[in-house]
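User: Could you take a close look at how the two parts of this protein meet, and tell me what each side brings to the contact? I would enjoy one connected walk through it.

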Amino acid sequence: MKCSVKAPAKINLSLDALRKREDGFHEVEMIMTTVDLADRIDLTETESGITVDVSAGFVPSDQRNLAYQAADLLRKRYGIKKGVHIYITKHIPVAAGLAGGSSDAAATLKGLNQLWKLGLSLDELAVLGAEIGSDVSFCVYGGTALATGRGEIIQAIPAPPPCWVILAKPPIGVSTADIYKRLKVNEVEHAKTTQMIESIKQQDFRGICDNLHNVLEDVTLGLYPEVKHIKEQMIRFGADGVLMSGSGPTVFGLVEHESRLHRVYNGLRGFCHDVYAVRLIRSTDAC
Ligand SMILES: C[C@](O)(CO)[C@H](O)COP(=O)(O)OP(=O)(O)OC[C@H]1O[C@@H](n2ccc(N)nc2=O)[C@H](O)[C@@H]1O
Ligand SMILES: Nc1ncnc2c1ncn2[C@@H]1O[C@H](COP(=O)(O)OP(=O)(O)OP(=O)(O)O)[C@@H](O)[C@H]1O
């Protein structure tokens, strides 16, 4: 038995941290949406154990892989005797702020739910996903949502109006834990989450661009001038709205008209290797 699942990347249209909690995590309010840049997860049932192979050499293929952790969690929780081989074809850049690993874990949960006939609902898979990482619950649902708590409480909202998204990632990896640790949560200018939700509901593209805000951006930009430079270039080449995703270092630009898209894309390609032109997507594909 085999199954293939798509694992799309996410961007944060807004990311606010309200306070630091006793457990060390931050209470957040985030608007997240999936884009059509995706890894592919191929699951093949085996007699026992979990094995992982990844198309990109620098991603761990042992217990540290979030897809491995997803399979391990399901096997232990539901007493599954069968095993699985997981092949991950990576297209999403790693440690980029695009939830690549989290999306691989979510896709593995969804695929194994089918392969092992567990009959779990998306809500149940999202609760399990939260045990793996804060972004996994959102990735189980995909689409567009408000994420609260430490990121695991998900409320679906309508999709933003169709537009292009340019992603540009400088050649550095950023540690999410390190960026959150450096955040001075009492000193940040908070995001306008309500206005962003309203702009999305109204399909007001200009309003969405005006309300893009990420409290982690200043922390990462302060540490890595190359991220700041990419943001400045993205604005200079004419993206309608520009923001860093997650804890970075990927910067995304929203572009409404295709005529402008080529200028922004080609301009960035001049000095940044990892540049993608993608679109927002409305929901993820299960197998
Ligand atoms: C930056 C985002 O990607 C935005 O979508 C997420 O908030 C991070 O999600 P993630 O990578 O799944 O993060 P996790 O693996 O759960 O946490 C990594 C580390 O980030 C910090 N962390 C994460 C989420 C949160 N709400 N508060 C935090 O302070 C914690 O130090 C944690 O140990
Ligand atoms: N399936 C996976 N794909 C990519 N990285 C993985 C995977 N499993 C574990 N990792 C590890 O997780 C780390 C973070 O990678 P990932 O691509 O998930 O970061 P990210 O996009 O910044 O995530 P987020 O936006 O959720 O914070 C990497 O350093 C990598 O070693």
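**Where the two domains meet**

Analyst: Happy to. Let us start with the record: an unreviewed UniProt entry lists "domain: GHMP kinase N-terminal" for residues 65-143. In this predicted model, that span is 56% helix and 9% strand, and its end C-alpha atoms lie 24 Å apart. The unreviewed entry also gives "domain: GHMP kinase C-terminal", covering residues 196-272. Here the span is 56% helix and 14% strand, with 29 Å between the end C-alpha atoms.

For the contact itself, the domain assignment is the one to follow: it gives domain 1 as residues 2-156 and domain 2 as residues 164-279. Their C-alpha centres lie 23 Å apart. Domain 1 puts 27 residues into the contact, and domain 2 puts in 35.

How much area is buried between domain 1 and domain 2? The value is about 2,300 Å², and carbon and sulfur atoms give 65% of that. On the domain 1 side, three residues stand out: Leu13, Leu15 and His26 supply 24% of the area that domain 1 buries against domain 2, more than any other three residues.

Turning to the polar side of the interface, the rule finds 11 residue pairs in polar contact across domain 1 and domain 2, both partners being at pLDDT 80 or more. Salt bridges are another matter, since the count across this interface is zero.

Which elements of domain 1 give two or more residues to the side that touches domain 2? They are strand E1 (2-20) and strand E2 (26-46). E1 gives the largest share of that side, with 11 residues. Sorted by class, the domain 1 side has 15 nonpolar, six polar and six charged residues. So there are six charged residues on the domain 1 side, yet zero salt bridges are found across the interface.

Two backbone details are worth a look while you have the model open. The peptide bond from Gly248 to Pro249 is cis, with omega near 5°. Pro249 sits in the loop that runs between strand E9 (241-244) and strand E10 (251-255). The other detail is Lys117, a residue other than glycine with a positive phi, near 50°. You will find Lys117 in the loop between helix H2 (100-115) and helix H3 (122-130).

Methods:
Residues numbered from 1 in each chain as written. Chains lettered and ligands numbered in written order. Predicted model: local features only at pLDDT ≥ 70, side-chain atom pairs only at ≥ 80, totals over all residues. Heavy atoms only, no water. Domains from an automatic or database assignment. Contact = heavy atoms within 4.5 Å. Buried area = accessible area lost by both parts, 1.4 Å probe. Salt bridge = Lys/Arg side-chain N within 4 Å of Asp/Glu carboxyl O. Polar contact = N/O pair within 3.5 Å; in protein donor to acceptor, adjacent residues only side chain to side chain. Helix = DSSP H or I, 4+ residues; strand = E, 2+ residues; numbered from the N terminus. Nonpolar A, V, L, I, M, F, W, Y, C, P; charged D, E, K, R; others polar. UniProt positions renumbered as here; feature names shortened; annotations may be inferred.
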